[in-house]
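Student: Could you take me through one part of this structure up close? I'm new to it, and I'd like to hear about the salt bridges and the ring pairs around them.

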Amino acid sequence: MNKIWWKILGSVLVVYSTIAGFLAPVPKLPILHETIRNLYFHVPMWFAMIVLFTISVVNSVKVLRSNKPVDDLKAVESVNTGIVFGILGIVTGAIWAKFTWGQYWSFDVKQNFAAISLLLYFAYLVLRNAIDEEQKRAKISAIYNIFAYPMMVVLLFVLPRLQDSLHPGNGGNPGFNSYDLDSRMRMVFYPACLGWIIIGYWIYTLLFRLRAIDNNSAI
Amino acid sequence: MKKFTTTLLLVLAAVQLFAQTADAPEGLYASDRIYVVVIVAGIILLGLIAFLFSIDRRLKKIEKKSSGKN
């Protein structure tokens, strides 16, 4: 994966989706108006986060199977990158909420559970830093991570759907794709998601390579 | 008199049009809230740039360590 083509692809997609995100036509919607364009910026943050956390949990399973320290480093660095995207997602969501729902934080189920799932991963990093012995740290944090991942999925995709929520896609509130996300918006939205996922993966590989060099020089 | 009242009514009806511009959305609600999107995109850029700085700081530490060794 050290080839350069996918990095260029990710950059092109992100640049395209940003320009088209501001300029391409969008459907006229009440309340949302032009803020519907946030769909191209706010939502891909979460997709990037979920992909990075998925990479992390796969590597955590690998740690338990192989006991290689490399897999542990991959797991922790993908969580580090994923958390940054998660924070960006929650902050942009709060700003979007201020101008459409009326408040930055209206204690909507989606907002609350998204915050809790970020806290889950903060706990992962705290737990990891609390253990000094390397083998033990790799194992315990891998087990925690394997439990945290399904919790995150449930918190973000299952529980909000069972309650009333202002957020699209939850609690009898249909997602954008059912009627708002017309084909014009899909032409920007899907490239935006793919582009941000690739950029997230790129940053994760940078962090991992950095950490790997650091670990090798320490030995 | 009839003509006068109709004219007056029509003029009054036109006044409503001015009234509408008076409470036009202001600040970030103006221009169909496009500035909200500007702020959101700006925050993402700022966040990622801050993240770049933190990566840079980590790299610097490693560089210092390896240069001290040689």
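Tutor: Here is a walk through the salt bridges, then the ring pairs, then one pocket. This is a predicted model, where local features need pLDDT of at least 70, side-chain atom pairs count only at pLDDT 80 or more, and totals for chains, interfaces and linings use all residues. Residues are numbered from 1 along each chain as its sequence is written, chains are lettered from A and ligands numbered from 1 in the order in which they are written, and side-chain values use heavy atoms, with hydrogens and water left out.

Let's start with the salt bridges (a side-chain nitrogen of Lys or Arg within 4 Å of a carboxyl oxygen of Asp or Glu). The count comes to 6 over all chains. One of them pairs A:Asp72 with A:Arg128, with 2.4 Å between the closest N and O atoms. A:Asp72 sits in helix H3 of chain A and A:Arg128 in helix H4 of chain A, 56 residues apart. Helices here are DSSP runs (H or I, at least four residues), numbered from the N terminus. Both A:Asp72 and A:Arg128 are buried, where buried means under 20% relative accessible area, exposed over 50%, and partly exposed in between (1.4 Å probe, protein chains only).

Next, look at A:Glu77 and B:Arg58, whose side chains meet in a salt bridge at 2.8 Å, N to O. This pair joins two chains, because A:Glu77 lies in helix H3 of chain A and B:Arg58 in helix H2 of chain B. A:Glu77 counts as buried at 0% relative accessibility, while B:Arg58, at 26%, counts as partly exposed.

Helix H2 of chain B also holds B:Lys60 and B:Asp56, 4 residues apart, so about one helical turn separates them. Their salt bridge has its closest N and O atoms 3.7 Å apart. B:Lys60 is exposed, at 51% relative accessible area, and B:Asp56 is partly exposed, at 37%. Back at A:Glu77, shared partners join A:Glu77, A:Arg211 and B:Arg58 into one network of salt bridges.

Now for the rings. Rings of Phe, Tyr and Trp (its six-membered ring) pair if their centres lie within 6.5 Å; planes under 30 degrees apart count as stacked, over 60 as edge-to-face and the rest as tilted. The whole structure has 8 aromatic pairs over all chains. A:Phe53 and A:Tyr121 are stacked, 3.8 Å centre to centre with 15° between the planes. A:Phe53 is in helix H2 of chain A and A:Tyr121 in helix H4 of chain A, so their pairing ties together parts 68 residues apart in sequence. Both A:Phe53 and A:Tyr121 are buried. A:Phe99 and B:Tyr29 are edge-to-face, because their ring centres lie 5.2 Å apart with the planes at 65°. That pair crosses between chains, from helix H3 of chain A to the loop between helix H1 and H2 of chain B. A:Phe99 is buried, at 8% relative accessibility, but B:Tyr29 is partly exposed, at 31%. Elsewhere, ring pairs link A:Trp6, A:Tyr201 and A:Tyr204 into a cluster.

Last stop: what does H2(B) give to the second largest pocket? H2(B) supplies the largest share of the lining, 8 residues. A pocket is, on a 1 Å grid over the protein atoms alone, an open set of points where a 1.4 Å probe fits, with protein on both sides within 12 Å along at least five of seven lines; lining residues have an atom within 4 Å of a point.
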